[in-house]
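The exercises that follow ask you to read local geometry and charge pairing from a single model. Work through each task with the structure in view before turning to its solution.

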Amino acid sequence: MPLSRHIAGAGFVLSRPHGTAQAHGSRTTFDTASSAAAALRSGNAAAVVGALPFSRDAPCALFEPEHLDRTESTWTAPSGLPPLPAFTVTGSRESEHIDRVRTAVNVLRHHGSPLQKVVLARSLTLTADTDVDPNALLAALVEGNPWGNGYLADLGAAGGSWTGRTLVGSSPEVLIRKQGNTVTCHPLAGSAPRHPDPQQDQANGAALTESVKDLREHAFVVDALRESLAPFCRDLDIPTSPTLTCTPQLWHLGTPIRGEVRGADTSALDLAIALHPTPAVCGTPTDLAYRTIEELEGDRGFYAGAVGWCVSDGDGEWMVAIRCAELAPDLRRVTAYAGGGIVAESDPADEVRETVTKFGTVMSALGAQL
């Protein structure tokens, strides 16, 4: 399947502080993530790039590129990109989100409920007055992130209605990275807004480290990753308590995890398949949280999936697909996504405010306001 017509030069980019992976052209698309992983393992594919959907049962957008360029610097935008147009918010769905959070909280507070946490999201629709170049949107996201984080994934490999759609974002969360035998990840769960006043900003971060609600939410994620990584890794190094990390919009609780793979044939894509979705984007227990999301939200598509790359020697990197927007085939409509972890103590109004803060990554890049 050819790449979408509007991708200029690359159907995939992952920009990170330590380097960039950028794909050109498409040799083969894959129906499932497992078939892509098998092609890497057998040597039938030199590299695989793209995006995993939130649902494991949905079509993936993975392909073998004709060329995968890897550099040791953040992504440099091609010259001559058009400026981003003006955007108007044309759909917010705030009241729907409040209703679904209330429903989830009632379930979580019900005595004997096995559901401990569920991550609920809302979307925001914006309409541009002229065509949007996805690379220009990526450039704005990378420029607006102090660490140069950004990603672009053509979703056309998933076929059907995904043809012509592009996922663009700037994720702070590493699902998995593999270099040689070493694997690392950095789950984030629990957040607080940044503040322009330095003293208040530090106070917000300090309060997050002492929040019982957020610490419990974070522990769910770390425990799940430990359990998922254990069959693949030895010598897992997992700190006993999280530390603060941040984006320009938010403080997060994060735990850096490091381990050594047991088998030489375990690839970064194998690990991404095993880890996804984590409680950071789904909930606890996973299967029940997923069913709850499906009932309350419907199909998320590629939001809260994973985006990344892997080569035949097993090295690669996959980010959690958050802080993102989906560009429609008409190049005028942009759908942004933001969510948050809901536990029994959650307040619906606070959860809406959290989504507004998280929308800030994409809204700042678009030069738009909610």
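**Exercise 1. Helix α8 and its ends**

Which residue follows α8, and what is the sign of its phi? Describe also the start and the course of this helix.

Solution. The coordinates come from a predicted model, and the values below are to be read as such. Beginning at the far end, the residue that follows α8 is G367, and its phi is positive, near 70°. At the start of the helix, a side-chain oxygen of D347 comes to within 3.1 Å of the backbone nitrogen of A349. Between these ends, the 19 residues of α8 reach 27 Å from the first C-alpha to the last, which is close to the 27 Å expected at 1.5 Å a residue. The helix nevertheless has a kink of about 40°, centred on G360.

**Exercise 2. Salt bridges across the sequence**

Take the salt bridges E317 with R16, K178 with D315 and R216 with E345, and determine where the partners lie and whether they are buried or partly exposed.

Solution. A search of the whole structure gives 18 salt bridges, and the three pairs are taken in turn.

1. E317 and R16 approach to 2.9 Å, N to O. E317 belongs to strand β20 and R16 to strand β1, so that the pair links parts of the chain 301 residues apart. Because buried means under 20% relative accessible area, E317 at 3% counts as buried, and R16 at 10% counts as buried as well.
2. K178 and D315 form a salt bridge at 3.9 Å, N to O. K178 is in strand β11, whereas D315 is in the loop between β19 and β20, 137 residues away in sequence. K178 is buried at 3% relative accessibility, and D315 is buried at 14%.
3. R216 and E345 meet at 2.8 Å, N to O. Since R216 lies in helix α5 and E345 in the loop between β22 and α8, the pair ties together parts that are 129 residues apart in sequence. Here R216 is partly exposed at 29%, and E345 is partly exposed at 44%. Elsewhere, K117, K213, D214 and E217 are joined into one network by salt bridges that share partners.

**Exercise 3. A buried acid**

Find the nearest side chain of opposite charge to E64, and describe the surroundings of this residue.

Solution. E64 lies in strand β5, which covers residues 61-64. The residue is buried yet has no salt bridge, and its nearest side chain of opposite charge, that of R27, is 4.3 Å away. The cut-off for a salt bridge is 4 Å, N to O. Leaving aside residues up to four places away in sequence, E64 touches several others, including S26, R27, F30 and N44.

**Exercise 4. Backbone exceptions**

Locate the cis peptide bonds before P277 and P285, and place the positive phi values of R93 and L331.

Solution. As background, most residues other than glycine have a negative phi, and most peptide bonds are trans. The bond from H276 to P277 is cis, with omega near -5°, and P277 is in the loop between α6 and β18. The bond joining T284 and P285 is also cis, with omega about -10°, and P285 is in the loop between β18 and α7. R93 has a positive phi of about 60° and is placed in the loop between β7 and α2, where this residue is partly exposed at 42%. L331, with phi near 65°, is in the loop between β21 and β22, and its relative accessible area of 8% makes L331 buried.

Methods. Residues are numbered from 1 along each chain as its sequence is written. This is a predicted model: local features need pLDDT of at least 70, side-chain atom pairs count only at pLDDT 80 or more; totals for chains, interfaces and linings use all residues. Side-chain values use heavy atoms; hydrogens and water are left out. Helices (H or I, at least four residues) and strands (E, at least two) are DSSP runs, numbered from the N terminus. Buried means under 20% relative accessible area, exposed over 50%, partly exposed in between (1.4 Å probe, protein chains only). The expected span of a helix is 1.5 Å times one less than its number of residues. The bend at a residue is the angle between axes fitted to the seven residues ending there and the seven starting there. A polar contact is a pair of N or O atoms within 3.5 Å; within protein, one must be able to donate a hydrogen and the other to accept it, and residues adjacent in sequence count only if both atoms are side-chain atoms. Lys and Arg count as positive and Asp and Glu as negative; His and the chain ends are not counted. Contact means heavy atoms within 4.5 Å.
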